[in-house]
Amino acid sequence: MKQKRDLAPLTGALFVVLVRVAFIGLGGDTPQGDASARKVVSFYSDHETKEVLGAVLLALSTVPLLAFSALLRDRSGAALERRSVLPTFAFAGGVLAAAGFASAAAVHFALADYAKDLDPSAAQALNALDSDFFLPFTTGLAALVLGTSLLAIRTRLLPPWLGWVGVLLFVVFFTPIGFIALGLSGIWIIVVSVLLFRRGETATAAPRPGGPPIATTD
């Protein structure tokens, strides 16, 4: 009987889809950080339900992100011939990113839910915080991408070229065009997710000098 394919790797793709829907599909064109108090209150009064749903969906996206990060740690640990901190480093990046997304969701939820009830200046301040609350999750995603990329270069878990692309994305994350790396990292995670899904549960360790690759399983 043919075994059912493990769907766990697709949690990475699910995470990206949920984030895109939360930010673009539901979040939409929210006021800039320097928007006037009147504009902030008016926007969130008119779009409260949609923005609250966006915040809830963003918080929900952290569940598949954590699952994907745990799977990466498990698969990469099996693929390594020697002990390494890289699987734990990549996992820690995923945890930091999840915490960042959850915190951003909480700030946005509070803004959408209470903007019309707060003093306008307080709503304006909360909007400024919401607008620039990206460093926790972008730093976490950058660490997740870097750790996984180095594992791709060192092992046969993923194609080495994907690892070098990830290293480049990590560098771009911390430049003035870091928003481009944030967008491309979503595509990168989807590619990793699909490749791991197609590969199944079998991982191949880095070859020993003078010897064939070592096949390992979860």
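The legends below accompany an overall view and several close-up views of a predicted model.

**Figure 1. Overall view of the chain and its helices and strands.** The predicted chain contains eight helices and two strands. Read along the sequence, the helices come before the strands, in the pattern α-α-α-α-α-α-α-α-β-β. The chain has 218 residues, of which 43% count as buried. Among contacts with a separation of 6 or more, 76% join residues that are 24 or more positions apart.

**Figure 2. Close-up of helix α2 and its buried side.** Helix α2 spans residues 37-46, and Ala37, Val40, Val41, Phe43 and Tyr44 within this helix are buried. These five residues lie on the same side of α2, because they cover an arc of only 165° around the axis. An α-helix has 3.6 residues a turn, so residues three or four places apart point the same way. The buried residues of α2 pack against four other helices: α1 (11-27), α3 (48-79), α4 (86-114) and α5 (120-131). The opposite face, turned away from the buried side, carries the exposed residues Arg38, Lys39 and Asp46.

**Figure 3. Close-up of Thr11 in helix α1.** Thr11 is found in helix α1. Its relative accessible area is 18%, so Thr11 is buried, given that the cut-off for buried is under 20%. The side chain of Thr11 reaches the backbone oxygen of Ala8 at a distance of 2.7 Å. When neighbours within four places in sequence are left aside, Thr11 is in contact with Pro64, Ala67, Phe68 and Ser193.

**Figure 4. Close-up of Phe15 in helix α1.** Phe15 also has its place in helix α1. With a relative accessible area of 3%, Phe15 is buried. Phe15 and Val63 are 48 residues apart along the chain, yet their C-alpha atoms are separated by 7.9 Å. Apart from neighbours within four places in sequence, the residues in contact with Phe15 are Ser61, Pro64, Leu65, Phe101, Leu141 and Ile189.

**Figure 5. Close-up of Leu57 in helix α3.** Leu57 has its place in helix α3. A relative accessible area of 18% makes Leu57 a buried residue. The C-alpha atoms of Leu57 and Leu18 are 6.6 Å apart, although 39 residues separate the two along the chain. Leu18 is also one of the residues in contact with Leu57 once neighbours within four places in sequence are set aside; the others are Val21, Ala22 and Leu26.

**Figure 6. Close-up of Leu162 in helix α7.** Leu162 lies in helix α7, which covers residues 160-173. This residue is buried, with a relative accessible area of 3%. Between the C-alpha atoms of Leu162 and Val191 the distance is 8.8 Å, while along the chain the two residues are 29 residues apart. With neighbours within four places in sequence left aside, Leu162 is in contact with Ser149, Trp188, Val191, Val192 and Leu195. Val191 is thus seen in this view both in the C-alpha pair and among the contacts.

**Figure 7. Close-up of Ser185 in helix α8.** Ser185 lies in helix α8, which covers residues 178-199. Ser185 counts as buried because its relative accessibility is 1%. A polar atom of the Ser185 side chain lies 2.6 Å from the backbone oxygen of Leu182. Beyond neighbours within four places in sequence, Ser185 is in contact with Leu141, Val145, Leu169 and Phe173.

**Figure 8. Close-up of the largest pocket and its lining.** The largest pocket holds about 1000 Å³ of space. Its lining consists of 41 residues, and those closest to the centre of the pocket are Phe23, Ser131, Phe134, Phe137 and Leu182. Leu182 has already appeared in Figure 7, where its backbone oxygen lies 2.6 Å from a polar atom of the Ser185 side chain. Helices α1, α3, α4, α5, α6 (135-154) and α8 each supply at least two residues of the lining. The largest share, eight residues, comes from α1. Sorted by class, the lining has 22 nonpolar, 14 polar and five charged residues.

Conventions:
Residues numbered from 1 in each chain as written. Predicted model: local features only at pLDDT ≥ 70, side-chain atom pairs only at ≥ 80, totals over all residues. Heavy atoms only, no water. Buried < 20%, exposed > 50% of the residue type's maximum accessible area, 1.4 Å probe, protein only. Arc of directions from axis to C-beta. Contact = heavy atoms within 4.5 Å. Polar contact = N/O pair within 3.5 Å; in protein donor to acceptor, adjacent residues only side chain to side chain. 1 Å grid on protein atoms, 1.4 Å probe; cavity = no way out; pocket = protein on both sides within 12 Å on 5 of 7 lines; lining within 4 Å. Points joined across faces, edges and corners; volume = space filled by probe spheres on them. Nonpolar A, V, L, I, M, F, W, Y, C, P; charged D, E, K, R; others polar.
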